[in-house]
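Please look at the sequence and the 3D structure below before reading on. The report that follows takes up the contact between two chains, then one helix, and then one pair of strands.

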Amino acid sequence: MVEGGGQLLLIYILRRLALMVFVLWGVTLAAFVISHVVPADPAAAALGNNAREEQLQDFRVKNGLDKPQVVQYAVYMGKLFHGDLGVSLRTQAPIAADLRQFFPATLELTLVAVVFAVLIGLPLGLIAALRHNRAPDLLARIFALVGGATPVYWLAILALNVFHERLGWLPGPGRIDAYSLAPPVRTGLVTVDALLAHDPEVFVDALRHLVLPGLVLGAFSAALLTRMTRSAMLEVLGQDYIRTARAKGLPGGRVVWKHALRNASLPILTVLGSLFGSLLTGAVLTETIFSWPGIGGYATSSAVSLDFPAVMGVTLVAGLAYSLVNLLVDLLYVGFDPRVSYA
Amino acid sequence: MKRTVSASPSAPVSRSLKARTLLALALALTVPLAAGQAGAQSARQTTLVLGGDFSDLITLDPGVSYEFTGSLVTGNLYDTLVGFEGNDLSKVRPRLASSWKVTPTSAGSQITFTLRSAKFSTGRPVTAADVVYSMNRVISLKSPSSFLLTDVANLKVGSVTAPNASTVVFSIPKTANPNIVLALLTFNVGGIIDSTEAKAHEQNGDFGSAWLRDHSAGSGPFVLNRWDRSSQVALDSNPNAFRRSVNIKRVILRYMLESSAQQTALNSGEIDVAWDYTPDAFNAAMSNSKLKALKTSTFQMAYLGMNSAKGQPFEDPRLREAVRYAIDQDGIIKSLLQGLGRKVQTIIPLGLAGSNPALPYSYDPAKAKALLAAAGKPNGFDVDFLVSTGSCSGGVPCQDLAAKIQADLAKVGIRANIKQMVNAELLTAYRAQKAPLIQVAWSPDYPDADGNGTPLADYNAHSLAWRNAWSDPAASKLAQSAAVEIDQAKRIALYKQLTELVVKSGPYAILYQPYKPVVTSSSVVGFVRNANGDVQFEKIAKK
């Protein structure tokens, strides 16, 4: 029985991965078309105001920009199959290396943000559903509304001003203190790298720097999660089998945890996956305000300088991240809800 | 997948345990570490931290680097043959070369440099062969800054020779001015690299450029410790340098794109120098006793370009003059720049020999209107006004500046239709001569009057004059003669003629020459940023 199930699971995963390839191919095509529609010259963008015409032409030839668009796309895809994401037009550095540097920063921040979101949003949503239409419910709904409507950059600046400048409780922008040297890069996650380098001081410093931007991003996501948890739980709690379970005399806690939450978990998981995906693709504004060198900032500067190989690289990474998260969520569905199967 | 009936953890106990752990973790995060403080403090005293928008940094190879941050850092990693000291950009002084002689030759001129005894950070001595290699690689690499040696100094591979280990000879053709060559050599393109080290890291004939992008091999006061893109650049003092850094052992350039973040960090003591203060914040900093607000000079010029081609709105020179009368420069400098700019109307920036401080155009909307009428436009006219997004020269938001210009022009009947676009798009349109009216900035490639003279006045140079479709044979001739004139007095006279000509009939309305506001903590001593953007970190101390 277990083996049969394992085989089904494998086939399902393989099928999803195959589909993912198609999705990512579509993503590259869309990104390519969009970045070539803009009427501006990446050579001028890269070389700046003072560059001469011969230099611009040299640049175009060197980067294959003088060839027809179809050829450029074909060349790009050819390199991609060999794992070569190309070279950034703006920095002339390999894009894979850039992404390897910026992505972990966003990943670290995203993980912390999601943890905060779950720690804040889930309990709030639960309490709101359980104390439906009473004071806690009202407060939770206000939090959800305000949290969702507040511009995240305003919240970020406010948080910095209050918790860092005025109260001095938490450090300011950056992943570590400005006068510290980062540990040698192994994973790109400063906390992990600090541990690997046996540097507890930097480890704690990095953790402390994660709190404020993590909270800002997390609070924003928490608002959404509160609403989703509340509505999903309300729907489930109103079902017949819950009334039956209560009538049978099951303790309240067991009803909530074992029966209600488990059944409400599907929409909550979906939202969580979606949040994780969108956070991974870079919260640009938060990253800018907290001087966080992540994917969001990289994507923005690439887009603004018409650095189309970099834009495509980032889009691919974003597409991959979303697809993988979706796959993970779908796999978790089955663990949470036995009604879902792989057939 | 088999469903297992798992017993869910009984809620009450696990929740309180979780809560206590969370509380402990939260406390640990907010209580500052007392232990490591002492050691960290002394290192802090000899570490200089700068916060700024260093995102223009692309490479630290001195022969390739062409951005502001690149020059700032490479100027401290490498020595040039000659350099400027402090704020004085009028006199070139010895650096790696202890002395030099300029002599005329049949083909032009010759500069003979005598090298001082110096060592690279690698331990190897600096020799004439290293100088030859460094110059030749720039010429061969065809990098964005190569044109300074090839087109302006007219050097080729072989123009620079080493008769012995401590003598270098530059053979310069008639078409180049040895004084300009000396000025060029102060720039990072003249940085001398350890040729042995570069050759050891060569890949595919790149002269070590890929390795030198994020490694250093110079004789300057600092060596590169690391460069984490978009995060920080860290420099350590070089014990072998003759420009030894006594007080500062480490310099960290921390990327902080937002001015507000820099202000916060400076106030909290996390950084010592903030590179990008806005004019408003700068004003506040001036009255803060814990900070030093420095108005550093630049050679930048913010200006309006007016397309003078046939059929374009500004074809008639009287209309261009009208614009110059219509712009309220004092208003711009006072309110938008909060005093962080100088009023200039001629094309050579103040601080360079050859600049002309004359201000022939007073703010006179009535005169502007009269000129419009004389040119056959008594009811004014419409024109598309190309403006960039983001921040413009002097830290002013581009759209604020554009709004002011638009208002000034509207007063005299010129209806400017603002079209905002990203810089890349703006430059593309400008280069294609497709900008009827444009708001941009320019800074010279090298600290010499010709850095502006040729691009702005000579149509044949295919630069700014060309982009505005302004062709004036007299101006071209003056620019070309002044460029190669060796006699200093004659040269200044030529530039006086040129600037007077261009200010009257050229396609530019110069807006201002901005100061760059730099704010440091009051404990920082000896911080000087010259108009070129160079800072000598070895001269700084923290008290």
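How many residues does the contact take from chain A, and how many from chain B? In this predicted model, chain A contributes 55 residues to the contact and chain B contributes 46 residues. On the side of chain A that touches chain B, helix H9 (residues 200–237) of chain A gives the most, with five residues. The residues on that side of chain A fall into three classes, as the table shows.

| Class, side of chain A that touches chain B | Number |
|---|---|
| nonpolar | 29 residues |
| polar | 16 residues |
| charged | 10 residues |

We now turn to a helix of chain B. Helix H18 (residues 473–484) of chain B has 12 residues, which at 1.5 Å a residue should span 16 Å, and this agrees with the 17 Å between its end C-alpha atoms. Within H18(B), the residues B:Ala475, B:Leu478, B:Ala479, B:Ala482 and B:Ala483 are buried. Because they cover an arc of only 130° around the axis, they are on the same side of H18(B). An α-helix has 3.6 residues a turn, so residues three or four places apart point the same way. B:Pro473 and B:Ala474, on the other side of H18(B), are exposed. The buried residues of H18(B) are covered by elements including helix H16 (450–457) and helix H19 (488–505) of chain B.

Chain B also holds a hairpin, in which strand E2 (residues 82–85) and strand E3 (residues 88–94) run antiparallel and are joined by three bridges. B:Glu85 has B:Asp88 in E3(B) as its bridge partner, and between the strands there are two residues, with B:Gly86 of this hairpin taking a positive phi near 60°.

Methods. Residues are numbered from 1 along each chain as its sequence is written. Chains are lettered from A and ligands numbered from 1 in the order in which they are written. This is a predicted model: local features need pLDDT of at least 70, side-chain atom pairs count only at pLDDT 80 or more; totals for chains, interfaces and linings use all residues. Two residues are in contact if their C-beta atoms, placed from the backbone, lie within 7 Å. Helices (H or I, at least four residues) and strands (E, at least two) are DSSP runs, numbered from the N terminus. Ala, Val, Leu, Ile, Met, Phe, Trp, Tyr, Cys and Pro count as nonpolar, Asp, Glu, Lys and Arg as charged, and the others, Gly among them, as polar. The expected span of a helix is 1.5 Å times one less than its number of residues. A residue is buried if 20 or more other C-beta atoms lie within 10 Å of its own, exposed if 12 or fewer, and partly exposed in between; C-beta atoms are placed from the backbone. The arc is that of the directions from the helix axis to the C-beta atoms. Two strands pair if DSSP finds at least two bridges between them.
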